[in-house]
Amino acid sequence: VNTPCFYGWQDTAQSINNGSYTRLNNLGNGVVNADCHGGWDESDGTFTCPADSGGIYVFYAGVGVNDLDNADQILMRFYYNDGGVGPISESRAAGNNEDISTNNTIIYDMAVDDTMEVRMYHNQGGALNTSTTRCFFGGYRLSAHP
């Protein structure tokens, strides 16, 4: 059984400032929280590896915004214990007022009390609201530590 496992998508749009990575939160729709022992906090978007649940995890996420203009971009990255890890996922607008999204998956070794979250970035110029139906975060333990 691949537990702990968790998942949620945004229930409320979130304002993302220009030019800095911002943690995705408000992930209270469609919540799955199987055997997480309190490790998944959908309100702030952070997974904390619970006691006796260390191991190899699969994490997946997507982010999106509305009304991105020509050549502007959004980026998404996983953050492990507050540091960016793995590849950065990117999407760029080809025209004006475009709805843009990007997603990514990572496999990561987690120990008790390690954290994983998703952050997004854009360069539109001002703050933009997320597109709630395009912003999600989930994960599950693939295997336990021996």
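**A guided look at an all-strand chain**

Visitor: Why does the radius of gyration of the protein chain agree with a compact globule?
Guide: This is a predicted model. The chain has 146 residues, and a compact globule with that many would have a radius of gyration near 15 Å. The chain agrees, because its own radius of gyration is 15 Å.

Visitor: What does the C-alpha trace span along its principal axes?
Guide: Take the C-alpha trace of the protein chain along its principal axes. The spans are about 50 × 25 × 20 Å.

Visitor: How many helices and how many strands are there in the protein chain?
Guide: Follow the elements from the N terminus on. They run β-β-β-β-β-β-β-β-β-β-β-β-β. The count is zero helices and 13 strands.

Visitor: What share of contacts joins residues at least 24 apart?
Guide: Count contacts between residues at least 6 apart in sequence. Then keep those that join residues at least 24 apart. The share is 71%.

Visitor: Which strand gives the largest share of the largest nonpolar core?
Guide: That core has 29 residues, and Phe47, Phe59, Phe78 and Phe137 touch the most other members. Strands S7 (55-68), S8 (73-80), S10 (98-110) and S11 (115-122) each give two or more residues to this core. The largest share is six residues, and it comes from S7.

Visitor: Is Val65 buried or exposed?
Guide: Val65 is found in strand S7. Leaving aside neighbours within four places in sequence, its contacts include Ile74, Ile100, Met120 and Leu128. Buried means under 20% relative accessible area. Val65 has 0%, so Val65 counts as buried.

Visitor: What distance separates the C-alpha atoms of Val65 and Cys135?
Guide: Along the chain, Val65 and Cys135 are 70 residues apart. In space, their C-alpha atoms are separated by 8.7 Å.

Visitor: What distance separates the C-alpha atoms of Ser143 and Ser15?
Guide: Ser143 has its place in strand S13 (residues 136-144). Along the chain, Ser143 and Ser15 are 128 residues apart. Their C-alpha atoms are separated by 36 Å.

Visitor: Why is Ser143 partly exposed?
Guide: Not counting residues up to four places away in sequence, Ser143 touches Gly54, Gly55 and Ile56. Partly exposed lies between the 20% and 50% cut-offs. Ser143 is partly exposed because its relative accessible area is 34%.

Visitor: Where does Asn97 lie, and what is its phi?
Guide: Asn97 lies in the loop between strand S9 (83-92) and S10. Exposed means over 50% relative accessible area. At 54%, Asn97 therefore counts as exposed. Asn97 is not a glycine, yet its phi is positive, at about 55°.

Visitor: What about Asp113: what is its phi?
Guide: Asp113 is found in the loop between S10 and S11. Asp113 is exposed, with a relative accessible area of 57%. Although Asp113 is not a glycine, its phi is positive, at about 75°.

Visitor: Which is the peptide bond from Thr3 to Pro4, cis or trans?
Guide: Pro4 has its place in the segment before strand S1 (5-9). The omega from Thr3 to Pro4 is near 5°. The bond is cis.

Visitor: How far apart do the centres of the positive and negative side chains lie?
Guide: The protein chain has 6 positive and 17 negative side chains. Take the centre of each set. The two centres lie apart by 5 Å.

Terms used
Residues are numbered from 1 along each chain as its sequence is written. This is a predicted model: local features need pLDDT of at least 70, side-chain atom pairs count only at pLDDT 80 or more; totals for chains, interfaces and linings use all residues. Side-chain values use heavy atoms; hydrogens and water are left out. Helices (H or I, at least four residues) and strands (E, at least two) are DSSP runs, numbered from the N terminus. The radius of gyration is taken over C-alpha atoms; the globule rule is 2.2 Å times the number of residues to the power 0.38. Contact means heavy atoms within 4.5 Å. Lys and Arg count as positive and Asp and Glu as negative; His and the chain ends are not counted. The place of a charge is taken as NZ of Lys, CZ of Arg, CG of Asp or CD of Glu. A nonpolar core is a set of buried Ala, Val, Leu, Ile, Met, Phe, Trp, Tyr and Cys residues joined through side-chain atoms within 4.5 Å. Buried means under 20% relative accessible area, exposed over 50%, partly exposed in between (1.4 Å probe, protein chains only).
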